[in-house]
Amino acid sequence: MNHFEYRNGQLFAEDVAVSDIAAAVGTPFYCYSTATLTRHYQVLANALATVGARICYAVKANSNLAVIRTLAQLGAGADVVSEGELRRAIAAGIAPENVVFSGVGKTRGEMDYALSVGVGQFNVESESELETLSQVASARGVDAVVALRVNPDVDANTHDKISTGRKDHKFGIDIDIAPVLYARASRLPHIRALGIAVHIGSQLTSLDPFRAAFNRVAVLTRELRAAGLTVERLDLGGGLGITYRDEVPPHPDDYAAVIAETTAGLNVDITVEPGRLLVGNAGILVTAVILDKITATKRFVIVDAAMNDFIRPTLYNADHRVTPVRTGPAATVLNKADVVGPVCETGDVLARNAALPDLSPNDLLAIESAGAYGAAMSSNYNSRLLIAEVLVKDDKFCVIRPRPSYDALLSLDQMPEWLTH
Ligand code: LLP
């Protein structure tokens, strides 16, 4: 459920007309709903209360400070994968001990910074990372709390590019060698090996892969304990899918039931790392029509947002709903169109074969379910400015990231001395 709905033919975000935001802020922009973020968090938190799991929001999904803070105020910790994300989580008000530092390639510098602020857990993905972390922690004279991220060799049945749990993926430690490495970790100086982590992929629409992966982790936990090792924590990753169009993903209650079933009797502290589930349907991308272009074979609606602002359709063939912000009379004829941006690439497509009415320049379109991996994956390609982000709460809205100026964009570059005369 989300809080974007039509009132008298006009799209509203909570109690604010989206067209009013467009008039004030200009297009394109991302628009997020506080009520939707809150609802999604609460539905998940209620479900997970049965297993006492902690929610560490995967900041990569949407790293705007106001979005992170909204979730932090509801009780979320954070899952981060870089020093930048860690700094964002802290700046948004999340205590470092409630942050999990994931990622397959942490640098020494990142480890050292994370130790300096007292990050709560490192999810370690290789033997060499474990050794480096031990050295960095020893040099600092502090302990690093570690969970070993295992690769359970489970197929997540999702898009190839966002599937992470098979043996041939770069992620995690082969679950078969995890016992040896866990024993090693438990002896390394300044490493406190306390748990196992797993994350098999994103946008999962079935519980079966979760069940398979969590079962393997439970078996491993028992094996490690039988060998006299300490396993106090399980981090079960993120990945629960959302509805973009017709998908029917599992309800958080059923996800929690799988966690309860697979971890029964283990008596461990459980963490999950959801990203998309919390923010995906809490955001839309609002864009204005530049022109409607009919070619011999196709209709293209060319808009002012592009693949650099929202890359999911280009990168994953993601199929997002697109709707006019103002709907016309019910009888309006709808014609199929590809909604495309001005970037000089054929792959610059925001929606394929969308049924849309006749559109005029400046008409507004909303691309739905764009709250996760939208703004966070945007770039300046074609020297386009990053777009504004707006957060709505009830009848208020606030620009939570303004569009930078062209001067700011150009000032990022520097001229070498030999080119200045
Ligand atoms: N934990 C770890 C270790 C992860 O790698 C990820 C996502 C998450 C948690 C959060 O997963 P979620 O709950 O959001 O599914 N850009 C892609 C998705 C990439 C996901 C990467 N890892 C997309 O737009 O579909």
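Helix H8 (residues 208-226) and helix H9 (residues 252-263) have axes that come within 9 Å and cross at roughly 25°. That makes H8 roughly parallel to H9, a label for angles under 35 degrees. Axes here are lines fitted to C-alpha atoms over the stretch in contact, with angles from 0 to 180 degrees between N-to-C directions. Helices are DSSP runs of H or I with at least four residues, numbered from the N terminus.

This is a predicted model, where local features need pLDDT of at least 70 and side-chain atom pairs count only at pLDDT 80 or more, while totals for chains, interfaces and linings use all residues. Residues are numbered from 1 along each chain, and side-chain values use heavy atoms, leaving out hydrogens and water.

Who touches whom? On H8, the contact (heavy atoms within 4.5 Å) involves Phe 210, Arg 211, Phe 214, Asn 215 and Ala 218. Their partners on H9 are Tyr 255, Val 258, Ile 259, Glu 261 and Thr 262.

H9 also packs with helix H2 (residues 34-49), at about 30° and with the axes 8 Å apart. That makes H2 roughly parallel to H9. Here Val 43, Leu 44, Ala 47 and Leu 48 of H2 meet Pro 252, Asp 253, Tyr 255, Ala 256 and Ile 259 of H9.

Now for the ligand. Of the 18 residues around the ligand (a heavy atom within 4 Å), Ser 202, Glu 273, Arg 312, Tyr 316 and Tyr 373 come nearest. The table lists polar contacts, pairs of N or O atoms within 3.5 Å.

| Ligand atom | Protein partner | Distance |
|---|---|---|
| nitrogen | Glu 273, side-chain N or O | 2.6 Å |
| nitrogen | Tyr 316, side-chain N or O | 2.8 Å |
| oxygen | Gly 275, polar backbone atom | 2.9 Å |

Notes. Helices (H or I, at least four residues) and strands (E, at least two) are DSSP runs, numbered from the N terminus. Angles under 35 degrees count as roughly parallel, over 145 as roughly antiparallel, 65 to 115 as roughly perpendicular and the rest as oblique. A polar contact is a pair of N or O atoms within 3.5 Å; within protein, one must be able to donate a hydrogen and the other to accept it, and residues adjacent in sequence count only if both atoms are side-chain atoms.
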